[in-house]
4 protein chains.
Amino acid sequence: MVSPSSDNPAIAALLFSCIDAVGIIADLANFFAERGLNISRYEEYTDDGHFFSRLEWPLNDRWEDEAAFDKEFASMAQRYQANFDVRFMNQQQSIGLFVSRQPHALIEILNKYEANYFPNIEVSFILGNHESMRRIADRHGLPFFHVPTDGEVPAYERKQLDIVHRYKPDFIGLARYMKVLSEDFIDRAGCPIVNIHHSFLPSFVGAKPYQMAYDRGVKLIGATSHFVTAELDQGPIIEQDVARVVAGASVQDMVKMGRDVEQKVFARAMLKVLEHKAIVHKNRTIIFN
Amino acid sequence: MVSPSSDNPAIAALLFSCIDAVGIIADLANFFAERGLNISRYEEYTDDGHFFSRLEWPLNDRWEDEAAFDKEFASMAQRYQANFDVRFMNQQQSIGLFVSRQPHALIEILNKYEANYFPNIEVSFILGNHESMRRIADRHGLPFFHVPTDGEVPAYERKQLDIVHRYKPDFIGLARYMKVLSEDFIDRAGCPIVNIHHSFLPSFVGAKPYQMAYDRGVKLIGATSHFVTAELDQGPIIEQDVARVVAGASVQDMVKMGRDVEQKVFARAMLKVLEHKAIVHKNRTIIFN
Amino acid sequence: MVSPSSDNPAIAALLFSCIDAVGIIADLANFFAERGLNISRYEEYTDDGHFFSRLEWPLNDRWEDEAAFDKEFASMAQRYQANFDVRFMNQQQSIGLFVSRQPHALIEILNKYEANYFPNIEVSFILGNHESMRRIADRHGLPFFHVPTDGEVPAYERKQLDIVHRYKPDFIGLARYMKVLSEDFIDRAGCPIVNIHHSFLPSFVGAKPYQMAYDRGVKLIGATSHFVTAELDQGPIIEQDVARVVAGASVQDMVKMGRDVEQKVFARAMLKVLEHKAIVHKNRTIIFN
Amino acid sequence: MVSPSSDNPAIAALLFSCIDAVGIIADLANFFAERGLNISRYEEYTDDGHFFSRLEWPLNDRWEDEAAFDKEFASMAQRYQANFDVRFMNQQQSIGLFVSRQPHALIEILNKYEANYFPNIEVSFILGNHESMRRIADRHGLPFFHVPTDGEVPAYERKQLDIVHRYKPDFIGLARYMKVLSEDFIDRAGCPIVNIHHSFLPSFVGAKPYQMAYDRGVKLIGATSHFVTAELDQGPIIEQDVARVVAGASVQDMVKMGRDVEQKVFARAMLKVLEHKAIVHKNRTIIFN
């Protein structure tokens, strides 16, 4: 049985974005100062006429939960017709993981989960379209569900959604889950979905990126983690990285090196979303430090 | 003749640091909001019990110059016994460059100067301890002074200081100037001094880092740009980077690769200080995005 | 006036490729051993059923020139129906550079040329489709030709080819020359042409890659140097690299960072071809250490 | 129970080094050609007056085992007073892993072991100086030995050597095993020992590198994998890499990022030694592609 993260950071993080205007930071900061709260970290960027910010403060008993904060903060947000999203990091977030036949992305997340790399989360369930990954789930003492994907899409997605709706995760991670999700699934999942794609997008969309990279003779291979949208491999990018291809490397060598990059990029992207450091604007993300 | 930078960004940048406390951001932000000024970019980190922040706003005619800002801002800063430093980016900054026999770091800065890579600066003078770099200065239409360094240190440093005091640069860049500066020189120069050291500090302090790197068999070589303090190669680090050593590389190959890293690191470090993005705290720097 | 490279490495480098078979290395090595020559460096990779190799030996007076070597080596090559290409590095290679309005790639090559970064080369001429880069050529004491490209393609390419055929360079480098070369030009140039493209190919083919990268929200921007073929940005890739995009970066910031990557990648690619370390096979390159 | 690697690459790899001379490659290549063997990959570098080479050929039934090859090859090696070491990659190599309290380096190796990242190896045993890592060993179905290291060094090293001598591993990996090994242990272990050190050596030798890196204010943190010699953290370096420190990073953040670099560097170094791609010369390594 996995020991759930013992690291309960008693901080809150607020993401706040709106059309840029004079005085937003003053209003935001006054809201916290008037309540005796110390903003321990703050970043703001303006881009495309918009204001994007993230701030952290040490939690005290001022608000019982996120809903209580939302209620008190609502009028502030309304003034700027802002989008905001608060996260109390001492409250456990739950993630669900989808996997297919390749274990490396799943294993990376589970090991970092055990090592308290992520802030205060619980992996609620693992859903595979093959039975073979059950052994990984078992080893970590986690629920595994096998939903084959050979049949009709609506049929198997209904079964998947049943599981998702039972656990209500805060995020779903697609740990090299190789099937395309329907728009309907994405709409009804009820939480953001993060994918790891095994290429440096927008290069090599689709199923065989390493072969395509070999054929094109690129000198760096990459991986991309992005939010999932209805269009294949087109969602807002959270994180990317690359590794160098040496002379004499075969497609198989590139696959092997590439797995390392995928693992690293997927884990970093999951960390960014779980630390509440990603804002989506149009088809881009603003990622905070 | 070099065309001075035509890029006059009409923004101001404020660096502000103090012991951390509740309400600092609110006070800072209110100061600007009350004057109708829009903070277009803001970053704050707390570390070691201190508060480190940088904010930008578009300049208007509110303050005639930095001194006018300082006067109006002083009471705000006093409240927190803060260190602050404002920079109006539309006011030209001047830099002086020291060089020895190797041109590559000097050339990098001059080319990026011409290409408006740096915000609104002027290279005021180049000072070499060998005559050979005069041709580079001439080519760019810049004053060159040859101060040999064979004699007594106080004697030649007095000549160097005469030149520095005549031009009063905002920064001095040591573009592979291979002599140690005395504590007295550093005190009297009247501006920060930025060095490029040809190793990944703290590895390989001193004069022969590539030979040392070869002998130690490292797999990456690096370069480090840092503020100069009285102790050799021990000042606060601004920027570092590395490059990979391939099989069969000789010391000479490492020198060649290393120059590229030195150029890149030195230019990025100069950019950070010129964009007013570096705070020194104890022997470390906080570098903003 | 530029001082031509004083570094005349007295080595020869042979590129040799053919269908793989038993005994090729033995035959190659015997050829040199029988003539008392020491192979000081050797690399061989097999890929796609082919044998790709590069070997170096210290030059002596065994062969007067490359043609003499070719004659003596021909039967060896015939045995394997091999492609081979020898380069005596003590014989100066000549390069021509094409440029448009942006100087950074040109400047990088000229500075590294001065610094003897490249082995024993001469920059024979610079050809610009705008007058503005003449000042860079003048500064380095190099011939500059202005061939405007507003008119009909065949007309201005004829003028360009006249210059190329006069100087007969071993390589042409397109230092951010922003026009597409016709297939006819490529055929008639008589030497390989190396381009620097300002994106991580195959992403963002075409003229506005930084805007496209910004719009797509990529987290790394890149540059690609490749041999030029008739199809735009599709030639065999020689070298690529990337740099990280930080939060708040504008298109203009990406352009500025990107130039550094372009310079670095272009210089490294030119070095690889000039050191005779690139074999083209199908649409890929084998690049030796 | 772990499934041992099913990937039995039917190739042999020979490392061969000696004082450089004319005709070595010819002699080497003839040896293989005369026996009808195809050298599928070959790299040779000369450095410091020495000749360093690695060659691969597809195995057939020419030699029953490595000893048979050694016998036939001996006179060839003697001619050049060469060091040579052959490895038949279809013969399983065994590794032993030492660990202390931190699991991340161990876990990385075990997962890559399961994923057939390494060529045809068996993890024979895990030896911990704390009981806490037994759960990791159990999960992978591997023998775990707990040898506490609180007492006298000779006493506990004798127990460790008993285990090592029972399993006779080809390599020992120190997966963040935090104790110094005595010269006596190193001599008697009977196989090379590979360590992962959590800094960019030669910076930050010793036990608290992340704290030292924080205090020194470096902008990149690194990890180094090296062969173990009697002098602490001074052995020949196999692989190194770095990661960038962002503004606001605490020591704890650096530890977290650093673990990723350690994992990656350790796994790559183990791969290089297991693929028979490392030659030690003086205190350096030659690492082949």
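In this predicted model, the two domains of chain A bury about 1,100 Å² between them, with 58% of that area on carbon and sulfur atoms. On the side of domain 1, L15(A), F52(A) and R87(A) together supply 47% of the area buried against domain 2, a share that no other three residues exceed.

The division of the chain gives this interface its setting. Domain 1 of chain A covers residues 11-88, and domain 2 of chain A covers residues 94-287. Taken over C-alpha atoms, the centres of these two domains are separated by 30 Å. Where the domains meet, 15 residues of domain 1 are in contact with 11 residues of domain 2.

The charged and polar pairings may be considered next. Between domain 1 and domain 2 of chain A there are 3 salt bridges. R87(A), already named among the three residues that supply 47% of the area buried by domain 1, forms a salt bridge with D170(A), in which the closest N and O atoms are 3.7 Å apart. The interface of the two domains also holds 6 residue pairs in polar contact, counted where both residues have pLDDT 80 or more.

The secondary structure behind the domain 1 side can then be traced. The elements of chain A that each give two or more residues to this side are β1 (11-19), β2 (41-47), β3 (50-58) and β4 (83-88). Strand β1(A) provides the largest share, with 5 residues. By residue class, the side of domain 1 that touches domain 2 divides into 7 nonpolar, 3 polar and 5 charged residues.

How values were computed:
Residues are numbered from 1 along each chain as its sequence is written. Chains are lettered from A and ligands numbered from 1 in the order in which they are written. This is a predicted model: local features need pLDDT of at least 70, side-chain atom pairs count only at pLDDT 80 or more; totals for chains, interfaces and linings use all residues. Side-chain values use heavy atoms; hydrogens and water are left out. Domain bounds come from an automatic or database domain assignment. Contact means heavy atoms within 4.5 Å. Buried area is the accessible area (1.4 Å probe) that two parts lose on being put together, summed over both. A salt bridge is a side-chain nitrogen of Lys or Arg within 4 Å of a carboxyl oxygen of Asp or Glu. A polar contact is a pair of N or O atoms within 3.5 Å; within protein, one must be able to donate a hydrogen and the other to accept it, and residues adjacent in sequence count only if both atoms are side-chain atoms. Helices (H or I, at least four residues) and strands (E, at least two) are DSSP runs, numbered from the N terminus. Ala, Val, Leu, Ile, Met, Phe, Trp, Tyr, Cys and Pro count as nonpolar, Asp, Glu, Lys and Arg as charged, and the others, Gly among them, as polar.
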